[in-house]
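Welcome, and please keep your viewer open beside this text. Each stop below suggests a selection and then tells you what is there.

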Amino acid sequence: MKKILFIAAAAALTASCTNRNAYTISGTAADFDGQYMYMCDYASPDQATDSVEVRNGKFVFKGTSETSEAVVLRNSGEDDTRYMLVFIEPAGKVTVDFDNKIATGTPANDAAVKYREQANELEQRYYDSKSAEEREAIAAEMDALMLASFEENNDNIFGATHLSTLSYEMTGAQTLAAIEALPEHVRNSKIVDGIRANAEAKLASDPGQPYIEVSQPDMEGNTVTLSSVVENPKNKYVLVDFWASWCGPCMMEVPYLIDAYAEYHDKGFEIFGISHDTDGERWRNCVKDRGMNWIHVSELRRFDNQAAKDYAVRAIPSNFLVDCSTGKIVATNLRGKAVAEKLAELLD
């Protein structure tokens, strides 16, 4: 009798846990009636993990999850395939308007709608702006909006998507600390697993760590090592700069680098540019036309670049300032005027 009661109690506990973690995604997709709706992994939006038929313009996904997750919904049409990001939260009930790409009903999805409305307004202002100064100010507003949205949503999975972007400007140690502050159901999600892995890789290139050797061909095909530049007695600080001619934000940084190089090169500043280009002619022409008169190397393999892997670079532009006297990294991701400001602090 006791055994029967124990089994019954265990079954009840299991059912309780299952119900607590059950989620529902109820959606409308009038434009795709009769097709299948696929649920896909966030990192692999073409690989379905579940599917349901859209009947009378409606579909429903049901399941259980102990963690919050970001998933992608995709219809089955070949001529008009659309993708939509949706957040699953334990015990959450999500309502989806797939035709208009709106998901509501849980903290993460509601926050995403609010953020997109604000971000879209800023983006429109950015594209309508007439001056570089105005665009720079709006870009600062965008950064502030993302940071504020992360702080407001660091208890849900939508906040974690911001951390993926914000971590670009953070050290590996700072990112890992931010991850530890997340609630368990978010901290153990797949999207955070990816952020954590990159942060752990970045620890090797955080400020205070020794620079990592780079050995790649220059524009004439001659192999140049980073150590030969760092150990050059003329150099006091070397900026290891990851960029590409096709990268718009990288090109926006070039004027600042040119100014910093003109002012501080004779005082011991050098730049070691590592390009993610694949077209050698375009790379060389860009360097020449833009007047980027410093050291340049590239494997011409886009992000399949050993140096980028060693420095855990996931986005460009990225840079690392090396103190030649110690061989250690002293600053990372100096953008805009920050390069010259840091050099003024160190060399003036």
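**Stop 1: a residue and its neighbours**

Start by selecting Thr161, which touches Phe87 and Ile191, leaving aside residues up to four places away in sequence; contact here means heavy atoms within 4.5 Å. Thr161 is found in helix H4, where helices (H or I, at least four residues) and strands (E, at least two) are DSSP runs, numbered from the N terminus. Is Thr161 buried or exposed? Thr161 counts as buried because its relative accessibility is 14%; buried means under 20% relative accessible area, exposed over 50%, and partly exposed in between (1.4 Å probe, protein chains only). Now add Ala70 to the selection: the C-alpha atoms of Thr161 and Ala70 are separated by 8.6 Å, although the two residues are 91 residues apart along the chain.

**Before you go on**

This is a predicted model, so local features need pLDDT of at least 70 and side-chain atom pairs count only at pLDDT 80 or more, while totals for chains, interfaces and linings use all residues. Residues are numbered from 1 along each chain as its sequence is written, and side-chain values use heavy atoms, with hydrogens and water left out.

**Stop 2: the whole protein**

Zoom out and colour by pLDDT, the predictor's confidence in each residue, from 0 to 100. The protein averages a pLDDT of 90, and 94% of the residues score at least 70. Select residues 1-18 next: pLDDT stays under 50 there, and the model has one contact beyond four places in sequence for this stretch.

With the cartoon on, you can look for twelve helices and 15 strands. The C-alpha trace spans about 85 × 55 × 35 Å along its principal axes. Of the 348 residues, 44% count as buried. Taking contacts between residues at least 6 apart in sequence, 61% join residues at least 24 apart.

**Stop 3: the largest pocket**

Rolling a probe the size of a water molecule over the atoms shows where empty space is left. On a 1 Å grid over the protein atoms alone, a cavity is a set of points where a 1.4 Å probe fits but cannot get out, and a pocket is an open set with protein on both sides within 12 Å along at least five of seven lines; lining residues have an atom within 4 Å of a point. Grid points are joined across faces, edges and corners, and a volume is the space filled by probe spheres set on the points.

The largest pocket holds about 1200 Å³ of space. To find its centre, select Ala139, Ala140, Asp143, Met252 and Arg335, the closest to it of the 31 lining residues. Then show helix H2 (107-128), helix H3 (132-152), helix H4 (157-166) and helix H9 (248-264), each of which supplies at least two residues of this lining. Which of the elements gives the largest share? The answer is H3, with eleven residues. By class, the lining has 20 nonpolar, two polar and nine charged residues (Ala, Val, Leu, Ile, Met, Phe, Trp, Tyr, Cys and Pro count as nonpolar, Asp, Glu, Lys and Arg as charged, and the others, Gly among them, as polar).

**Stop 4: the largest cavity**

Stay with H9 and look for the enclosed space. The structure holds one cavity of 30 Å³ or more, and the largest cavity has a volume of about 100 Å³. Among its 16 lining residues, Asp241, Glu253, Leu257, Pro317 and Asn319 lie nearest its centre. Strand S11 (237-243) and H9 are the elements that give two or more residues to this lining, and H9 gives the most, with six.

**Stop 5: the cysteines**

Show Cys247 and Cys250 as sticks: a disulfide joins them, S to S 2.4 Å (a pair of cysteine sulfur atoms within 2.5 Å). The link of Cys247 and Cys250 is right-handed, with 80° about the S-S bond, and both residues are buried. Cys286 is in no disulfide; its nearest cysteine sulfur, that of Cys250, is 9.5 Å away.

**Stop 6: out to strand S3**

Finish at Gln47, found in strand S3 (residues 44-53). Gln47 counts as exposed because its relative accessibility is 54%. Beyond four places in sequence, Gln47 touches Met39, Cys40, Asp41 and Arg74. For a last distance, pick Gln47 and Ala140: they are 36 Å apart in space, C-alpha to C-alpha, and 93 residues apart in sequence.
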